[in-house]
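Subject: The structure for you to look at

Hi,

Here is the structure I promised to pass on. Have it open while you read, and turn it around as you go through my notes below.

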Amino acid sequence: MDASDSSKRRVVETDGAPAPIGPYSQAVVANGVLYCSGQVPLDPATGELVDGGVAEQARRCLESLDAVCHAAGTQLSDAARIGIYLTDMGLFAELNEVYASFFSEPFPVRSTVGVAALPKGALVEMDATVPLSEEPT
């Protein structure tokens, strides 16, 4: 796909997730797949980091991704892949507990990567790739 040909891509935006703080989209639909940008646990109304630990932050990331999915006509539970970025791998079990409440079998594939830091001091960031059964018009 030619990068200058935007007719093959559709941007997805929603107020249910934090507004982008840089030159990127919340999500893009291309060739029947929804590609969601990484979500850090920001309150969509204030743009501030949510209170609490990794459980609350993971929940906010997943809620934001789900809001983006709904704006594209799908749901996060249909995701094929989730990427997780975690500043402390010692928080993995707590994160996993929240994550499990959003998905059921067959689970999406997943990668979890330990990182040194995330925007705004977040403990976790998540992105998603979701196949669409039909592209909404």
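Let's start with Ala-128, which counts as buried because its relative accessibility is 2%, and anything under 20% falls in that class. Please keep in mind that this is a predicted model, so every value here is computed from predicted coordinates. Ala-128 is found in strand β6. If you look for Asp-78, you'll find that it is 50 residues away from Ala-128 in sequence, while the C-alpha atoms of the two are 10.0 Å apart in space.

How much of β6 is covered? Seven of its eight residues are buried, so the strand is mostly covered, given that buried means under 20% relative accessible area.

Next, the strands that pair with β6. β3 pairs with β6 in the antiparallel sense, over five bridges. To find your way along that pairing, pick Leu-34 and go to its bridge partner in β6, Val-130. β4 also runs antiparallel to β6, and six bridges join the two. Here you can pick Arg-81, whose bridge partner in β6 is Thr-129.

β4 has another pairing to show you. Strand β4 (residues 81-86) pairs with strand β5 (residues 109-114), this time in the parallel sense, over six bridges. Leu-86 is a good place to click, with Gly-114 as its bridge partner in β5. What sits with β4 and β5 to make a β-α-β unit? It's helix α2 (residues 92-100), and the unit is right-handed.

Now for the charged side chains. A search of the whole structure finds two salt bridges.

One of them joins Asp-127 to Arg-81, and the closest N and O atoms are 3.1 Å apart. This pair links distant parts of the chain: Asp-127 is in strand β6 (residues 124-131) and Arg-81 is in strand β4, 46 residues apart. Are these two residues buried or exposed? Asp-127 counts as buried, at 14% relative accessibility. Arg-81 is partly exposed, with a relative accessible area of 29%.

In the other salt bridge, the side chains of Arg-60 and Glu-63 meet, at 3.4 Å from N to O. Where do they sit relative to each other? Both are in helix α1 (residues 54-71), and because they are three residues apart there, about one helical turn separates them. Arg-60 is buried, with a relative accessible area of 15%, whereas Glu-63 is partly exposed at 35%.

While you're in helix α1, have a look at Leu-62, which lies there too. Its relative accessibility is 0%, so Leu-62 counts as buried. From Leu-62 to Ala-100 you'd count 38 residues in sequence, and the C-alpha atoms are 11 Å apart in space.

A few spots in the backbone are worth a click as well. Most residues other than glycine have a negative phi, and most peptide bonds are trans. With that in mind, here are the exceptions I noted:

- The peptide bond from Glu-105 to Pro-106 is cis, with omega near -5°. You'll find Pro-106 in the loop between α2 and β5.
- Asn-31 is not a glycine, yet its phi is positive, near 50°. Asn-31 is in the loop between β2 (27-30) and β3 (33-39), and it counts as exposed at 63% relative accessibility.
- Lys-120 also has a positive phi, near 60°, in a residue other than glycine. Lys-120 lies in the loop between β5 and β6 and is partly exposed, with a relative accessible area of 48%.

Last stop: the empty space. Rolling a probe the size of a water molecule over the atoms shows where such space is left. The largest pocket holds about 160 Å³ of space. Which residues line that pocket? The lining is made up of Pro-18, Ala-19, Pro-20, Ile-21, Tyr-24, Gly-38, Gln-39, Val-40, Leu-42, Pro-119 and Glu-125. Sorted by character, the lining residues of the largest pocket come out as eight nonpolar, two polar and one charged.

Happy clicking!

Note on methods:
Residues numbered from 1 in each chain as written. Predicted model: local features only at pLDDT ≥ 70, side-chain atom pairs only at ≥ 80, totals over all residues. Heavy atoms only, no water. Pairing = 2+ DSSP bridges. Helix = DSSP H or I, 4+ residues; strand = E, 2+ residues; numbered from the N terminus. Right-handed = clockwise from strand over helix to strand, strands pointing away. 1 Å grid on protein atoms, 1.4 Å probe; cavity = no way out; pocket = protein on both sides within 12 Å on 5 of 7 lines; lining within 4 Å. Points joined across faces, edges and corners; volume = space filled by probe spheres on them. Nonpolar A, V, L, I, M, F, W, Y, C, P; charged D, E, K, R; others polar. Salt bridge = Lys/Arg side-chain N within 4 Å of Asp/Glu carboxyl O. Buried < 20%, exposed > 50% of the residue type's maximum accessible area, 1.4 Å probe, protein only.
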